[in-house]
Structure formats: structure tokens, C-alpha cells
Amino acid sequence: MTLAKAVTIFAPEDLRVVERPLGELDPARVRIRFGAGGICGSDMHYFRHARTGDFVVKEPLVLGHEIAGTVEAVGAKVEGLAPGTRVAVNPFRPCGHCPRCREGRANLCENVFFMGSASKNPHMQGGFATLFDTTPEQCVPVPDSLPIEAAALAEPLAVCLHAVKRGGDLAGRSVLVVGAGPIGLLTLVAAKLRGPARAAVVDLAAAPLAMAKALGADAAIDLSADPKGLETIEAPDVVFEASGTAAGLASAIRTVRRGGTVVQIGNLPGGDIPSPMNAVMAKEIDLLGTFRFDAEFAKAVDLIASGKVDVMRIVTARRPLLDAPAAFRLALDRSQSVKVVLTAA
Ligand SMILES: [Zn+2]
Ligand SMILES: [Zn+2]
């Protein structure tokens, strides 16, 4: 029997690398050897609280949905993928036949499989494992010249490409991103691909804001240094809320221009949170959600492989997969970390 080593969350702060048996490879599946994996904000929520938003860990969960690796073996019925092929692994597998899939919104699939998520029971196991099995459809080959860490970050870029699509036409518009974590920063990058006149980023920490500037933000507003920093800017047309905090959402609603658009990307704390909803009414704000992605995954791989988007610029540290607990603690320290990537060795 093949044993994988898998980064597994059992309870809050109880993250361990445990051996996980892999059965015979299903004839329709592909076995992937882990190459690299990005630690996501949702992974860190699972680490700290054994939940993210409304998704609660009820059984051991292997984390990891920002994954790339190498095809180790292919099942007998798999065509077009050979062992040794380097791939970005799409964590998302829609059913293809539910009403949401049929109307072209597969990211909202009612029977979705999403790696490393407790959104369903039994949970869907993730890719922070030395070996794991997936479907060939989830494997997007990448050029040999592309660092495997960059391929792993196709997933968060795909999230952000979908988010900016939800934000509508950004050409010539002013954009504000609330929260300069990895998703906020990649939302900035994705928004800038759509030709906004101006893109600003707001956060409470100086280090990620410096990175926002380096990535082309026209303004980086540090509310810890200037608590009224949002009151002095011209009200933006579109605000992307990527902090996942009630305060961030309130700021987005208060700051957006009358008749503007707010897109909620961040995973807010579970349960109900108070928000200034009368402003949504009185300013006639379009308040939109955005969730995961669909075709944007392949587009993200393309943008990264072609060099149009350099996702490695947000990577602040690389740590071995088997040192994941320490890597998670490092990732939680926003004074020194933006994106921490786990590597095979
Ligand atoms: Zn993620
Ligand atoms: Zn479906």
C-alpha cells in the first residue's frame, strides 16, 4: 500500500503531518506528486479555528487547494496525461449537470467537489500531501520552464480574475481594494489587467501595502497610520472587499461612490455580521458576492505561464511541506508574510 504524508487539521491549532494510505489508483484518476502549495487565508482560518467562515471541520481534513505537482501515475482509462508531466491542479470539480452548471455558473455547482474544504460532509480532502489522486480534467499542464511554485498560485489568481469579472467593466474606472493580503494583492493585479484609471489599496499593515505599491497601486492607504485615510480619497466606482472583516465590508460600503459596486471576496467571520445596509439602499450600491472561479483557472495558468502576471512577487517565504505547522505560523505573521508557499523538499 502507498502511504502519503498529509498536512491534516484535527482541531484548532492542531495541525499535523500524518501518514495517509492511498488505495489502488482508480482507472479514471491521476496520482500527483506534490510540487508546491500556497497557504491560503482559508487554510489559516482552518488552522486557527478549525473553521473558515461557515465551514466547520468535523473530521480530520487534509488542507491545501493551491497546488501544483508532477503526474506520478495515470489510471488505465486516462488519456492525454503522461507520468512526469508538470501540472497546476485545479481544486475545483463541478458536476456539469446541475442547474447552476447548466446556466454557466459552475462555480456555484450544487454538487461541487473542492479540495481541502469542509464545506461538505464528508469533507473534501486537499492537496498538502506528498501524493494525492485527482481527475485528469483538474490537471492543467504547465511549461517545464515555469517554477512549480508559480503554477501553484494559479488558484488564487483565478479567484481574483473571477472577482474582477464580477466587478463589471473596470476600464477607466477607479478601483479600491480593501485588504492587502494575497487575495487583495492579486485582485489589484487582476483589476489592473482591465484598464482602470486608478487603483488604490487600503490595509492596516505597512509591509503588504508596500507590496501593493510595488505591484502598481496608485495609492496605498495605511489606516493604522491615517485612520481617516479613506475619507480623503475620491469615492471609488468599484470596491473589492478582500479583508474578510466586518470592518472592511463597512469601509467598502461607506467609501464606494453613490451608485457604485462593492464586491465581497473575503470570507467573513461565520454567522451574521452587522453592516451599514442603509447605505446600500440610500447610495443604491450594487453589493455582489464572488465565489471561487470556473474557466478562470485555465486563464490564470495562461497568464502565469506567459509571464503576463508574475505571481511570485507576492511570495515571501518557501517552506518544506513537512514543516507545514511552522510554515502556517509564519504565514499568520503579517508583519513578515504575504504568501508562504510549501515546497516538496
Ligand atoms: Zn484559497
Ligand atoms: Zn453542478
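Two strands are taken to pair if DSSP finds at least two bridges between them; helices (H or I, at least four residues) and strands (E, at least two) are themselves DSSP runs, numbered from the N terminus. The structure described here is a predicted model, in which local features need pLDDT of at least 70 and side-chain atom pairs count only at pLDDT 80 or more, while totals for chains, interfaces and linings use all residues. Residues are numbered from 1 along each chain as its sequence is written, chains are lettered from A and ligands numbered from 1 in the order in which they are written, and side-chain values use heavy atoms, with hydrogens and water left out.

A good place to start is strand β3 (residues 30-38), which has bridges to several other strands. With β20 (residues 339-343), β3 runs antiparallel over three bridges, and here Gly37 is found opposite Leu342. Another antiparallel partner of β3 is β7 (residues 67-74), joined through seven bridges; Ala36 has Ala68 of β7 as its bridge partner. Four bridges also connect β3 with β11 (residues 131-134), again antiparallel, and in this pair Val30 is matched with Thr134. Burial is described by relative accessible area: buried means under 20%, exposed over 50%, and partly exposed in between (1.4 Å probe, protein chains only). Because eight of its nine residues are buried, β3 is largely enclosed by the rest of the structure.

The zinc ion (ligand 1) comes next. Its protein donors are Cys40, through SG, and His65, through NE2, at 2.1 to 2.2 Å. Cys40 belongs to the loop between β3 and α1 (41-49) and His65 to the loop between β6 (61-62) and β7, so the pair ties together parts that are 25 residues apart in sequence. Both Cys40 and His65 are buried. Donors are N, O and S atoms within 2.8 Å of the metal (3.2 Å for Na, K and Ca), and sites may look incomplete because water is not among the atoms.

What of the cysteines and disulfides? A disulfide is a pair of cysteine sulfur atoms within 2.5 Å, and the search of the whole structure finds zero of them. The sulfur of Cys160 has its closest cysteine sulfur in Cys40, at 9.7 Å, which is too far for a bond. Cys160 is buried, with a relative accessible area of 0%, whereas Cys95 is partly exposed at 24%.

Turning to the sheets, six strands form an open sheet with parallel pairing, in the order β15-β14-β13-β16-β17-β18. The edges are taken by β15 and β18 (286-289), each of which has a single partner strand, so one side of each is left without a neighbour in the sheet. On average, neighbouring strands of this sheet are turned by 20° against each other, direction ignored. For this and the other angles, axes are lines fitted to C-alpha atoms, for helices over the stretch in contact, and angles run from 0 to 180 degrees between N-to-C directions. Helix α5 (residues 182-192) packs on the sheet, touching β13, β14 and β16, and its direction makes about 165° with that of β13; contact means heavy atoms within 4.5 Å. Helix α6 lies across β14 and β15 and runs at about 170° to β15.

Within this sheet, β14 (residues 198-203) is mostly covered, with five of its six residues buried. On one hand β14 pairs with β13 (residues 174-178) in the parallel sense over five bridges, with Val178 standing opposite Val202. On the other, β14 and β15 (residues 219-222) are parallel over four bridges, and Ala200 has Ala219 as its bridge partner. Helices link these strands too: β13, α5 and β14 make a right-handed β-α-β unit, as do β14, α6 (residues 206-214) and β15. Such a crossover is right-handed if, with the strands pointing away from the viewer, the path from the first strand over the helix to the second runs clockwise. Elsewhere in the sheet, β16 (residues 238-241) and β17 (residues 261-264) run parallel over four bridges, with Val239 matched to Val262.

A further open sheet has three strands in the order β2-β1-β6, with antiparallel pairing. Its edge strands, β2 (14-22) and β6, each pair on one side only. Nine bridges hold β1 (residues 2-11) and β2 in the antiparallel sense, and Ile9 has Leu15 of β2 as its bridge partner.
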